[in-house]
Amino acid sequence: MELLTHQLLDESTTYRLRRNLLSDKNSWQEGIKTAGSHAAKVKNNLQLDRSSSTSEQSSKEIIEKMKSDQLVKSFSIPNRFHGVMFSRSGQGQSYGFHIDNPYMSTGRSDLSFTLFLSDPDSYEGGELCIQSVQDCQKIKLGAGQIVIYPSTSLHAVEQVNSGERLVCVGWIQSYVRSNEDRSILFSLEAGAKSILAKHGSSPELDLIFQSYSNLLRRLGD
Ligand code: NI
């Protein structure tokens, strides 16, 4: 399965965001309010009210950062970042296996992301589990690191055994809805950029970049 893990935020930005989010004591509410009917049966956490100014400002900052991140852009070919929310899971809390809604009021979910905001040593458990054919891939990243994975995957958050897990989650509507097509484009662009960095521009490379653009036109919606 194709997923991207990446350091999105530096340490000081992560620290500032975390402090702002946690100090807004009045805007955290039961996560079950925002779950779909299937997900509601397995959801057990706290979420920051999306209409709060803390949520709006923090989401805006994170989306801006993702929009300007070259690796995130190449991997996800984003049309829109949407549905961003902040979630806290304390001791005993978890989120069972579920699939994200394919269409939300904010857009289509082609890719899901989780941005880890807590220091991984500050809580036990709380791994994001992404189901693959035979087992699940467990992901617990450093503060400021993001994982982006196909929304077509079943996933869960394991129970937090101590401490607290703070994350930002959201979705990406890509110009290319097929995971396989997006993966081909990602490799092609990465290869071409690497040739450019090593050998500089050339008429041959112009043809490869031309083909990349025209393939994106053909595969995108
Ligand atoms: Ni989910």
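**Figure 1. Contacts across the chain in the predicted model.** Among contacts in the protein with a separation of 6 or more, 80% join residues 24 or more positions apart. The secondary structure of the protein consists of six helices and 16 strands. Of the 221 residues, 44% are buried.

**Figure 2. Overall dimensions of the protein.** The C-alpha trace spans about 60 × 35 × 30 Å along its principal axes. The radius of gyration is 18 Å, which agrees with the value near 17 Å that a compact globule of 221 residues would have.

**Figure 3. Surface and charges of the protein.** The accessible surface amounts to about 11,400 Å², and carbon and sulfur atoms contribute 49% of that area. The protein carries 24 positive and 25 negative charges. The mean position of the positive charges lies 5 Å from that of the negative charges.

**Figure 4. The nickel ion and its protein donors.** Three residues of the protein supply the donors: His-98 through NE2, Asp-100 through OD and His-155 through NE2. These donors lie 2.1 to 2.2 Å from the nickel ion. The spacing of the donor residues in sequence is H-x1-D-x54-H. The two histidines bring together distant parts of the chain, since His-98 belongs to strand E6 (residues 94-98) and His-155 to strand E14 (residues 155-157), 57 residues apart.

**Figure 5. Burial of the histidine donors of the nickel ion.** His-98, in strand E6, has a relative accessibility of 3% and therefore counts as buried. His-155, in strand E14, is also buried, because its relative accessible area is 4%. Both values fall under the 20% limit for a buried residue.

**Figure 6. Surroundings of Leu-17 in helix H1.** Helix H1 covers residues 11-23 and includes Leu-17. The relative accessibility of Leu-17 is 1%, so this residue counts as buried. With its neighbours within four places in sequence left aside, Leu-17 is in contact with Leu-9, Ser-58, Glu-61 and Ile-62.

**Figure 7. Leu-17 and Gly-144.** Along the chain, Leu-17 and Gly-144 are 127 residues apart. In the predicted model, their C-alpha atoms are separated by 9.8 Å. Gly-144 is not one of the residues listed in contact with Leu-17, which are Leu-9, Ser-58, Glu-61 and Ile-62 once neighbours within four places are left aside.

Technical notes: Residues numbered from 1 in each chain as written. Predicted model: local features only at pLDDT ≥ 70, side-chain atom pairs only at ≥ 80, totals over all residues. Heavy atoms only, no water. Helix = DSSP H or I, 4+ residues; strand = E, 2+ residues; numbered from the N terminus. Rg over C-alpha atoms; globule rule 2.2 N^0.38 Å. Buried < 20%, exposed > 50% of the residue type's maximum accessible area, 1.4 Å probe, protein only. Contact = heavy atoms within 4.5 Å. Areas by Shrake-Rupley, 256 points an atom, 1.4 Å probe, with all protein chains shown as cover. Lys, Arg positive; Asp, Glu negative; His and termini not counted. Charge placed at Lys NZ, Arg CZ, Asp CG, Glu CD. Donors = N, O, S within 2.8 Å, 3.2 Å for Na, K, Ca; no water.
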